[in-house]
Every structure is written in structure tokens, then in C-alpha cells.
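Work through these exercises with the model open. Each task is followed by a stepwise solution.

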Amino acid sequence: MIIPVSLRDESYNIVLLRGALNNLNKYFNLNRRVLVVTDTGVPSEYLRTVLSQCENGYSVSIEEGEKSKSFDNYKTLLSILVKKGFTRTDCIIALGGGVCGDIAGFVASTYMRGIDFYNIPTTYLSQVDSSVGGKTAIDFCGIKNIVGAFYQPKCVVIDPEVLKTLDKRQLSAGIAESIKMAATFDSELFELILNTDDFLRDADVIIEKSLKIKRDVVEKDVKEKDLRKVLNFGHTVGHAIESETKLLHGECVGLGMIPMSEGEAREKIVCALKKYGLPTEVDMDPDTLVSYVNHDKKASGDEITVIYCKEIGAYEMRKIRTEDIKDYLNGGIRE
Ligand SMILES: NC(=O)c1ccc[n+]([C@@H]2O[C@H](COP(=O)([O-])OP(=O)(O)OC[C@H]3O[C@@H](n4cnc5c(N)ncnc54)[C@H](O)[C@@H]3O)[C@@H](O)[C@H]2O)c1
């Protein structure tokens with residue numbers, strides 16, 4: 001299945017197909033210098049599969065984990081490109097989760113003012129989330145994603161087969177993103193996620209539908225001006241929890257959706273989170289949480305726009321005082 005992404009200046013295809021990893025030449029131009037950026041947690045068989053299809057392929061494996069989205073690694077990757085004589089006609093492939101995609105994409109966006117970038121996301125989160133949107137970044141001075149660029153890949157290949165090796169907790173954290181998109185846009189998708197008895201079997205359909213939701217939003221709002229905020233359901237409270245705990249991003253987003261929903265919608269969201277072993281309760285002082293929300297880059301003054309779900313498949317955008325978050329935590333505000 002090909003999912004086209006049509007943006008104002010650049011358009012590209014997302015190929016969603018089991019086994020596509022073995023046939024990259026169909027989708028990528030590998031007849032040039034290729035640098036594959038992967039990490040130490042991505043099974044090496046995937047790297048071997050990719051390199052075996054490149055005539056002139058090089059690879060670098062950064063250490064797994066967020067700390068690798070660093071300025072030092074950025075410089076290391078650039079210096080490899082220089083030493084190997086990469087020119088503007090060569091390319092970079094990210095093979096891994098969002099960490100590899102973000103740093104490799106940022107390197108591609110800046111080397112010689114931009115060389116071709118291909119993305120092979122291998123975590124569920126990166127397949128449904130970072131493969132659309134063109135956000136690339138590294139962390140700097142202790143701040144996540146503070147240096148980066150919007151830079152679209154030339155093509156994305158999603159092979160759901162690679163999810164078989166993914167750690168269960170990582171898979172569930174990614175599924176939280178699909179729960180988020182389904183809860184606000186697509187009640188049928190929500191029911192599928194809630195009721196499937198074999199997630200990996202149904203992953204193709206769930207990935208496709210999740211991607212199309214994000215694609216449709218991004219196509220209307222490429223530079224994250226306004227509409228793209230709808231993808232932030234669960235993020236305001238989620239980011240605050242993420243700053244204070246060691247939970248994964250998706251786990252925090254899941255927790256953040258609960259106070260921003262009500263009634264049956266909330267019950268179903270909790271049910272879906274529990275089904276995938278995601279946390280539904282966290283011990284955090286409401287005042288601390290509000291202080292994090294106040295520092296959220298999305299807050300302007302003491303107000304913030306939150307996405308609220310009254311009914312599965314629909315959302316509301318609400319501008320609220322950050323202080324009001326506490327009332328939402330205490331059982332939600334109905335309007
Ligand atoms: N650019 C965007 O639009 C966007 C969107 C969401 C998140 N992000 C970024 O993505 C990052 C998080 O990404 P993530 O959740 O994919 O985490 P990750 O990249 O850290 O990957 C999680 C772990 O899974 C391992 N792994 C990857 N693929 C595997 C596979 N198929 N089998 C076994 N193990 C595998 C990795 O080695 C790593 O240890 C964050 O830095 C976040 O800021 C970016």
C-alpha cells in the first residue's frame with residue numbers, strides 16, 4: 001500500500017508493506033553513496049538487509065536511547081559524510097525509531113544545505129507518528145528537540161514485520177499514539193484497537209488509518225500553526241508527567257488523555273490503555289504538574305489550548321487557564 005503525502009513544495013510516498021525492507025530498490029534510489037544511521041538496539045539483521053541492497057553503503061550505529069540525539073552525534077555523523085566524500089546527490093537512511101529518524105533527518109537537512117533523506121521507522125511510535133510531519137531535531141542544553149528543522153523525507157518505508165522484535169513496552173507506548181488519534185478522529189479505528197485479539201496481525205490496518213489521520217492534518221498545516229494542535233490530545237498533561245517521571249512518552253500521553261475526556265469516552269480510553277498494559281494512574285502533585293504546564297512551550301501567558309474528547313471520534317479545542325488544569329485532574333470540567 002502506498003500512502004501519498006502531498007505538501008506544498010515537497011510530496012513523498014509512504015510505502016506500508018510487509019517484507020518491503022527486502023525490496024528497498026523499488027522505492028529508494030540506492031545507486032549512490034548511502035549512509036545508514038541506526039542504533040545499537042535495532043536488530044543487526046535489519047541493517048544487514050539494508051546494506052546488502054546498497055552498492056556503496058556505509059553505516060553508523062549510535063547508542064540506543066534519547067541521549068543519542070546529541071550535538072556530539074550530530075557532529076560525528078556530519079564528519080563521516082565529509083570523510084566519505086558524500087556529495088549533494090548522495091543520501092541518508094534512518095533505520096530505527098524516532099531517535100534515529102530525528103537525528104538522521106536533521107543531519108540530512110543541513111549537510112550541504114540538504115541531501116536526500118529516506119526513513120525506515122522500526123518502532124510502532126515512529127511508524128505512526130514520526131514518519132509524517134517532517135520534524136527533525138536533536139536535543140541541546142538539556143532541552144528536547146530544541147535544535148531542528150522541518151525537512152521532508154524523499155520516501156518512507158514501513159515494514160510492519162519489524163515490530164515482531166520490538167519490546168512489548170515500546171510497542172504499547174506507540175499504540176497510545178494510535179489510541180490518541182482514534183479517540184479524536186475515528187471511532188471505528190478506536191473499536192478495532194479496543195477489540196482486536198491480535199494487534200500485530202491487524203497492525204497494517206491500524207497503522208494505515210492512524211497515518212492517514214496524521215497525514216490529513218499535516219497536509220493542512222505543514223508548519224504546525226494551528227490545526228496541528230489537534231494532534232496534541234493528551235500532550236499538555238502528558239508532557240508534564242514526562243518531565244517528572246521516567247515513563248515513556250506514549251505512556252505519558254495516555255495518562256494525559258484521561259483528564260481531557262469525559263463520560264463514556266473516558267471509560268473507553270481507560271479501557272484501551274489498560275488493554276495494552278499502559279498506566280492509567282500516576283502519583284504526581286497537581287501544583288507541580290501545573291508548574292510544568294506553565295513552562296510548556298505551547299502555553300502562551302497563563303493560557304493554553306487543550307484538546308478535549310467528549311465522544312470517541314470527535315474533539316474540541318479549548319483555551320483554558322493553566323491553573324484550571326487542576327480542576328480537570330480532579331475529575332474533569334464539563335462544558
Ligand atoms: N519527528 C517526529 O515527528 C517525532 C514524533 C514523535 C516522536 N519523536 C521522537 O522520537 C523519539 C522516540 O522514538 P521511539 O519511541 O521510536 O524510540 P527509540 O527510537 O528510542 O526506540 C526505542 C527502542 O527500540 C529499539 N528498536 C527500534 N526498532 C526496533 C525493532 N524493530 N526491534 C527491536 N528494537 C527496536 C531502539 O533501539 C530503542 O532502544 C523521541 O526522541 C521523540 O522526540 C519524533
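**Exercise 1.** Classify how H5 and H7 are oriented to each other.

*Solution.* Start with the axes, which are lines fitted to C-alpha atoms over the stretch in contact, with angles from 0 to 180 degrees between N-to-C directions. In this predicted model, local features need pLDDT of at least 70, side-chain atom pairs count only at pLDDT 80 or more, and totals for chains, interfaces and linings use all residues. Residues are numbered from 1 along each chain as its sequence is written, and side-chain values use heavy atoms, without hydrogens and water. The axes of H5 (residues 168-185) and H7 (residues 199-220) come within 10 Å and cross at roughly 55°. Angles under 35 degrees count as roughly parallel, over 145 as roughly antiparallel, 65 to 115 as roughly perpendicular and the rest as oblique. H5 and H7 are therefore oblique.

**Exercise 2.** Find the residues of H5 and H7 that make the contact (heavy atoms within 4.5 Å).

*Solution.* On H5, pick out Leu171, Ile175, Ser178, Met181, Ala182 and Phe185. On H7, take Phe199, Leu200, Ile206, Ser210, Ile213, Lys214 and Val217.

**Exercise 3.** Trace the sheet and place H7 on it.

*Solution.* Follow the seven strands of the open sheet in the order E1-E2-E9-E6-E5-E3-E4; the pairing is mixed. Strands pair if DSSP finds at least two bridges between them. E1 (2-6) and E4 (56-62) are the edge strands, each pairing on one side only. From one strand to the next, the twist averages 20°. Now add H7: this helix lies across E1, E2 (11-16) and E9, running at about 10° to E1.

Notes
Helices (H or I, at least four residues) and strands (E, at least two) are DSSP runs, numbered from the N terminus.
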